[in-house]
Amino acid sequence: MALIPQLKTFSSQDWVDIVLNNFDEFLQDHADGERKVAANSMGLIAKYPDKVEMIPHLAQNAIEELVHFKMVYKLMLERGIQLRHSMPKDEYAVAMIKKAHSGRVERFLDRLLIVSISEVRGKERFGTIENALDDPKLKALYRKIRIDEEKHGSVFVDLALMYFDRDIVEKRIKYWEEVEDEIFNSLPLRPLLH
Ligand SMILES: [Fe+2]
Ligand SMILES: [Fe+2]
């Protein structure tokens with residue numbers, strides 16, 4: 001069976017309402033998020049040039065995230081909104097990184113699993129928004145992105161399995177499921193992806 005992190009908590013109706021009432025702000029955050037995950041994949045290539053097996057997969061991921069960025073940005077332009085001038089710190093991502101192992105090898109595994117569980121969360125968030133939207137065009141956009149993020153969640157576990165034994169990866173996924181849930185529930189509800 002394919003390994004993929006499981007979420008322990010799902011997005012609340014209160015969060016959905018906040019997003020729908022501040023949709024332009026949500027789009028700005030979403031666009032920045034796509035740009036950041038593309039940059040993160042390219043950053044992993046730069047950080048681990050010797051991990052040759054994973055480089056094509058990371059490059060492909062960066063391309064897909066940039067396609068998402070373009071899709072969201074196009075929608076923003078149609079709505080007459082621009083990107084934010086400065087990006088607020090992504091408290092979710094920062095909190096996750098703080099919980100990563102500091103040892104070189106273990107940190108590599110953690111970096112892959114943080115991306116994986118963040119993608120799983122992204123899939124959950126986008127799917128929730130997709131269901132809540134009425135506009136068919138917006139719904140279709142979030143459907144496409146939701147499907148891709150679901151795939152990305154397992155891609156990053158597969159990358160981990162190229163370099164680590166399955167039982168090690170499984171054990172660490174359990175750890176990240178606990179940590180993600182704690183962080184997810186500690187953040188205030190805002191019209192942001194996290
Ligand atoms: Fe994406
Ligand atoms: Fe993704």
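Two residues are counted here as being in contact if their C-beta atoms, placed from the backbone, lie within 7 Å, and this idea will be useful throughout the tour of this predicted model.

Begin with the whole protein chain in a cartoon view, where you can pick out seven helices and zero strands. The radius of gyration is 16 Å, close to the 16 Å that the globule rule gives for 194 residues, so the chain is as compact as a globular protein of that length. If you turn the chain along its principal axes, its C-alpha atoms fill a box of roughly 45 × 35 × 30 Å, and 29% of the 194 residues count as buried.

Next, select residues 136-163, which form helix H6, a run of 28 residues that reaches 42 Å from its first C-alpha to its last, close to the 40 Å expected at 1.5 Å a residue. Among the buried residues of H6 are Leu 141, Ile 145, His 152, Phe 156 and Leu 159. Which helices do the buried residues of H6 pack against? Colour helix H3 (55-78), helix H5 (104-132) and helix H7 (166-186), and you will have the partners in view.

Now show the side chain of Leu 159, which touches Met 54, His 57 and Leu 112, if residues up to four places away in sequence are not counted. Leu 159 and Leu 112 are also among the residues with the most contacts inside the largest nonpolar core, which has 18 residues. H5 and H6 are the elements that give two or more residues to this core, and H5 gives the most, with eight residues.

Finally, select Leu 27, Phe 126, Ile 129 and Leu 192, which are among the 12 residues of another core, lying apart from the largest one.

Methods. Residues are numbered from 1 along each chain as its sequence is written. Chains are lettered from A and ligands numbered from 1 in the order in which they are written. This is a predicted model: local features need pLDDT of at least 70, side-chain atom pairs count only at pLDDT 80 or more; totals for chains, interfaces and linings use all residues. Helices (H or I, at least four residues) and strands (E, at least two) are DSSP runs, numbered from the N terminus. The radius of gyration is taken over C-alpha atoms; the globule rule is 2.2 Å times the number of residues to the power 0.38. A residue is buried if 20 or more other C-beta atoms lie within 10 Å of its own, exposed if 12 or fewer, and partly exposed in between; C-beta atoms are placed from the backbone. The expected span of a helix is 1.5 Å times one less than its number of residues. A nonpolar core is a set of buried Ala, Val, Leu, Ile, Met, Phe, Trp, Tyr and Cys residues joined through C-beta atoms within 7 Å.
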